[in-house]
Amino acid sequence: MTSENTSMPQAQLGQDGPMIGAQGLGCMGMSEFYGETDTAESRLTLERAIELGISMFDTADMYGVGANEEFLAPFVSANRERITIATKFGYSRTPESPDDWSIDNRPDFIRAAVDRSLQRLGVDVIDLYYMHRRTDSVALEDSIGAMADLVKAGKVKWLGLSAVSAAELRAAHAIHPIAALQSEWSIFTRDIEQDVVPAAAELGVTVVPYSPLGRGMLTGRAFVTSLTNTDARQYFPRFSDENRAANMLLVAKIEDIASARGVSAAQIALAWLYAQSRKLKVKTVPIPGTRKRSRLLENVAAASMILTVPEMERLAPLASAVQGITV
């Protein structure tokens with residue numbers, strides 16, 4: 001490691017988990033969804049991340065239909081003692097049916113899914129194992145019970161949930177301690193602040209915001225015009241022609257604050273998230289995703305950036321004005 005990683009703040013994973021870097025790395029885009037991939041640059045970005053003090057790397061069995069876990073395996077193996085590897089189950093996608101987006105929380109499915117992830121990642125134990133999405137067709141007691149059994153069996157260390165309600169989080173935590181809750185949270189997406197974040201704070205659950213940069217929109221106006229025809233984001237409502245103009249006016253407000261500070265819009269967006277989590281007294285480890293070392297350096301620098309009260313006040317009303325935030 002280089003000396004640079006000493007500046008990375010730390011956060012605890014759950015109530016009894018390890019201290020990890022206060023920023024993780026979302027690895028989904030290294031394999032699928034967000035345009036053309038760059039394997040060589042992605043590998044260099046992974047190595048740079050660990051040098052900078054990032055310790056949690058986030059994937060899922062459905063990213064690239066297993067390919068993202070396989071891609072991460074050599075990196076995880078080479079740095080096992082320094083990495084908290086997080087993956088997820090829940091989507092029924094397979095190489096044979098990549099368009100099957102149905103959700104499966106059955107115990108048998110969970111037991112099979114974890115074994116597949118262990119094999120693809122090349123590890124004996126998964127540090128943090130999430131239920132990617134919840135379906136009411138399976139009792140929470142059954143799915144969380146099956147996940148708890150994985151902990152007892154030594155296949156998983158800590159359990160996580162993704163995109164659940166406060167009531168579901170409380171119910172699951174009563175069955176087995178939940179270390180992390182992964183949900184979308186950013187300047188543009190703040191609905192979890194009402195009930196979910198307070199529940200997580202009360203229970204000692206670490207919130208892991210995904211898409212903390214608004215799926216890339218919060219990186220600046222130039223980003224949105226650069227989407228290629230292989231990028232799934234072009235089909236998201238907030239990026240549609242009818243919503244884009246209105247949203248770009250909001251992004252411009254973030255860019256104004258960034259320009260006055262001499263930093264990037266992405267750094268302001270991440271610094272806002274850290275400030276908001278402190279205000280709401282919840283442990284937070286956002287996982288911005290990137291394939292580029294240059295973006296990584298920007299993002300990590302934001303972990304130590306402090307916004308002023310006037311800056312926070314200027315950013316506060318933006319979420320209510322966002323158009324097309326349903327995806």
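Two residues are in contact when heavy atoms of theirs lie within 4.5 Å. With that in mind, take in the whole protein before selecting anything: among contacts between residues at least 6 apart in sequence, 75% join residues at least 24 apart. What you have open is a predicted model, in which local features need pLDDT of at least 70 and side-chain atom pairs count only at pLDDT 80 or more, while totals for chains, interfaces and linings use all residues. Residues are numbered from 1 along each chain as its sequence is written, and side-chain values use heavy atoms, with hydrogens and water left out.

**The whole chain**

Colour the model by secondary structure, and you should find 11 helices and nine strands; helices (H or I, at least four residues) and strands (E, at least two) are DSSP runs, numbered from the N terminus. Of the 327 residues in the protein, 59% are buried, where buried means under 20% relative accessible area, exposed means over 50% and partly exposed lies in between, with a 1.4 Å probe and protein chains only.

**The sheet**

Next, show the strands alone and look for the open sheet of seven strands, which follow the order E3-E4-E5-E6-E7-E8-E9 with parallel pairing; two strands pair if DSSP finds at least two bridges between them. At the edges are strand E3 (25–26) and strand E9 (206–210), each of which pairs on one side only.

**Strand E5 and its neighbours**

Select residues 84–89, which form strand E5; six of the six are buried, so this strand is largely enclosed by the rest of the structure. If you show the side chains, you can check both faces, since Thr84, Ala86 and Lys88 on one side and Ile85, Thr87 and Phe89 on the other are all buried.

Add strand E4 (residues 56–58), which pairs with E5 in the parallel sense over three bridges, and note that phenylalanine 57 has isoleucine 85 in E5 as its bridge partner. Now bring in helix H2 (residues 67–78), which together with E4 and E5 makes a right-handed β-α-β unit; a crossover is right-handed if, with the strands pointing away from the viewer, the path from the first strand over the helix to the second runs clockwise.

Then add strand E6 (residues 126–131), which runs parallel to E5 and is joined to it by four bridges. Between these strands the chain passes through helix H3 (residues 107–121), and this β-α-β crossover is right-handed.

Which residue in E6 stands opposite threonine 87? Tyrosine 129 in E6 does, and it is worth keeping threonine 87 selected a little longer. This threonine is in strand E5 and is buried, with a relative accessible area of 0%. Leaving aside its neighbours within four places in sequence, threonine 87 touches Thr59, Ala60, Asp61, Glu69, Ser117, Leu121, Ile126, Leu128, Tyr129 and Tyr130.

**Two helices that meet**

Two packed helices are described by the angle between their axes and the distance between the axes. Display H3 with helix H4 (residues 140–152): their axes come within 9 Å and cross at roughly 35°, the axes being lines fitted to C-alpha atoms over the stretch in contact, with angles from 0 to 180 degrees between N-to-C directions. Pro107, Ile110 and Val114 in H3 meet Asp142, Ser143, Ala146, Met147 and Leu150 in H4.

Move now to alanine 139, in the loop between E6 and H4, which is partly exposed with a relative accessible area of 35%. The C-alpha atom of alanine 139 is separated by 8.7 Å from that of arginine 106, although the two are 33 residues apart along the chain.

**Strand E8 and its neighbours**

For the last stop, select strand E8 (residues 180–184), which is mostly covered, with five of its five residues buried. From E8, Ala180, Gln182 and Glu184 point one way and Leu181 and Ser183 the other way, and all are buried.

On one side, show strand E7 (residues 156–162), which runs parallel to E8 and is joined to it by three bridges, with serine 162 opposite glutamine 182 in E8. Helix H5 (residues 166–175) completes a right-handed β-α-β unit with E7 and E8.

Finally, add E9, which pairs with E8 in the parallel sense over five bridges, and find serine 183 opposite proline 209 in E9. The chain crosses from E8 to E9 through helix H6 (residues 196–203), and this β-α-β crossover is right-handed.
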